[in-house]
Amino acid sequence: MTRIVVGNWKMHETSAQASVLARGIAAALADEPRSATVVLAPPFTALEAVRKSIHGTHLVLGAQTMHWADEGAFTGEISPPMLLELGVRYVILGHSERRRYCGEVDAEINRKVRAALGHGLVPIVAVGESEQERDAGITDERVTAQIRAAFEGVAATDLRNAVVAYEPVWAIGTGRNCDPQEADRVMGTIRASIPGLESTPFLYGGSVSPANFASYLARANCQGGLVGGASLDSASFAQLVHLAERGT
Ligand code: PEP
């Protein structure tokens with residue numbers, strides 16, 4: 001399976017800053033043909049600038065969320081056709097920060113996932129347990145419930161057009177990355193929870209760095225990473241891409 005490295009820039013980088021970062025990443029990766037898929041997901045306001053900055057490279061544009069409707073009275077929201085018009089091909093859905101700070105619930109995430117697939121956008125569906133859920137021993141129950149809800153009503157044959165990101169909430173932005181063996185076990189549990197996920201790429205996310213990424217990539221269930229902090233530095237991000245391409 002092709003490896004995938006996704007940079008989630010969150011609410012960082014103005015348009016002007018995003019251009020500089022995207023050009024820096026493109027320059028750091030200009031040395032060889034890419035065997036991994038490399039996705040940059042800037043804020044909405046920087047999509048156009050990043051699109052221009054990566055034109056003619058192998059880098060691919062992603063978004064951090066979207067609405068499920070094509071258009072309508074949804075103040076502040078962005079629709080799938082709007083993303084497609086800007087050249088977006090991947091969209092992160094169900095990120096724990098969206099769930100936590102924007103009140104996104106499983107049923108909405110499911111509508112978004114179905115809308116993305118219906119429009120030919122690749123949903124990167126993020127699931128993960130909180131620290132309290134892990135301590136309570138309900139990690140597997142939690143992540144399988146999230147993934148089943150996200151893909152409810154999606155045909156098994158469409159699941160290969162999606163990406164799953166396992167992101168333990170307690171590992172995001174904390175520097176406390178999940179033990180790679182445990183991450184692999186949870187990803188295996190998620191993969192086995194719905195028929196059709198066998199050929200879906202799985203990413204690990206949660207304090208990925210150039211120092212730990214290879215230990216995730218070495219695991220059977222991991223095809224790449226969803227990266228926050230380390231994606232904001234062109235040299236670190238390029239290192240992650242090079243690690244993903246090693247041995248493929
Ligand atoms: C994320 O943004 O999804 C993420 C995993 O962030 P970080 O790599 O900073 O933990």
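Five of the five residues of strand β1 are buried, so this strand is largely enclosed by the rest of the structure. The model shown above is a predicted one, and β1 offers a suitable place to begin reading it. The side chains of the strand point in two directions: I4, V6 and N8 point one way from β1, whereas V5 and G7 point the other way, and all are buried.

The next step is to identify the neighbours of β1. One of them is strand β2, which comprises residues 37-41 and pairs with β1 in the parallel sense over five bridges. Within this pairing, V6 has V39 of β2 as its bridge partner. The connection between the two strands also has a handedness, since β1, α1 and β2 make a right-handed β-α-β unit. Another neighbour of β1 is β8; the two strands run parallel and are joined by four bridges. Here G7 of β1 has V227 of β8 as its bridge partner.

From β8 the reader may proceed to β7. Strand β8 covers residues 224-227, and its pairing with β7 is parallel, with two bridges. The residue G205 is bridged to L226 in β8. Strand β7 itself consists of residues 202-205; F202 and Y204 point one way from the strand, L203 and G205 point the other way, and all are buried. Strand β7 also pairs with β6, which spans residues 163-166, in the parallel sense over three bridges. In this pairing, A165 stands opposite L203 of β7. How does the chain travel from β6 to β7, and what is the handedness of the crossover? It passes through helix α8, residues 180-191, and the resulting β-α-β crossover is right-handed.

The loop between α8 and β7 deserves separate attention. L197 lies in this loop. Is L197 buried or exposed? Residues under 20% relative accessible area are classed as buried, and L197 counts as buried because its relative accessibility is 0%. L197 and D179 are 18 residues apart along the chain, and their C-alpha atoms are separated by 23 Å. The loop between α8 and β7 also holds I194, which counts as buried because its relative accessibility is 14%. I194 and E152 are 42 residues apart along the chain, and the distance between their C-alpha atoms is 9.8 Å.

Two further loop residues are notable for their backbone angles. E13 is not a glycine, although its phi is positive, at about 80°. E13 is placed in the loop between β1 and α1, the helix of residues 15-28. With a relative accessible area of 22%, E13 is partly exposed. S207, likewise a residue other than glycine, has a positive phi near 55°. S207 belongs to the loop between β7 and α9, the helix of residues 213-217.

The account now returns to β1, in which N8 is found. N8 counts as buried because its relative accessibility is 4%. Which partners does the side chain of N8 reach? The backbone nitrogen of K10 lies at 3.1 Å from the side chain of N8. The side chain of N8 also makes a polar contact with the side chain of H95, at 3.5 Å. In addition, an N or O atom in the side chain of N8 is 3.0 Å from an oxygen atom of the ligand.

N8 thus leads the reader to the ligand. There are 14 residues around the ligand, and K10, H95, E167, G173 and S207 come nearest. S207 is therefore met twice in this account, for its position in the loop between β7 and α9 was given above. By class, the shell around the ligand divides into four nonpolar, eight polar and two charged residues. E167 places a polar side-chain atom 2.6 Å from an oxygen atom of the ligand. G228 approaches through its backbone, with a polar atom there 2.8 Å from an oxygen atom of the ligand. How much of the accessible area of the ligand does the protein cover? On its own the ligand has 290 Å² of accessible area, of which the protein covers 96%.

Methods. Residues are numbered from 1 along each chain as its sequence is written. This is a predicted model: local features need pLDDT of at least 70, side-chain atom pairs count only at pLDDT 80 or more; totals for chains, interfaces and linings use all residues. Side-chain values use heavy atoms; hydrogens and water are left out. A residue is near a molecule or strand if one of its heavy atoms lies within 4 Å of it. A polar contact is a pair of N or O atoms within 3.5 Å; within protein, one must be able to donate a hydrogen and the other to accept it, and residues adjacent in sequence count only if both atoms are side-chain atoms. Accessible areas come from the Shrake-Rupley method with a 1.4 Å probe; for residues, only the protein chains shown count as cover. Ala, Val, Leu, Ile, Met, Phe, Trp, Tyr, Cys and Pro count as nonpolar, Asp, Glu, Lys and Arg as charged, and the others, Gly among them, as polar. Buried means under 20% relative accessible area, exposed over 50%, partly exposed in between (1.4 Å probe, protein chains only). Two strands pair if DSSP finds at least two bridges between them. A crossover is right-handed if, with the strands pointing away from the viewer, the path from the first strand over the helix to the second runs clockwise.
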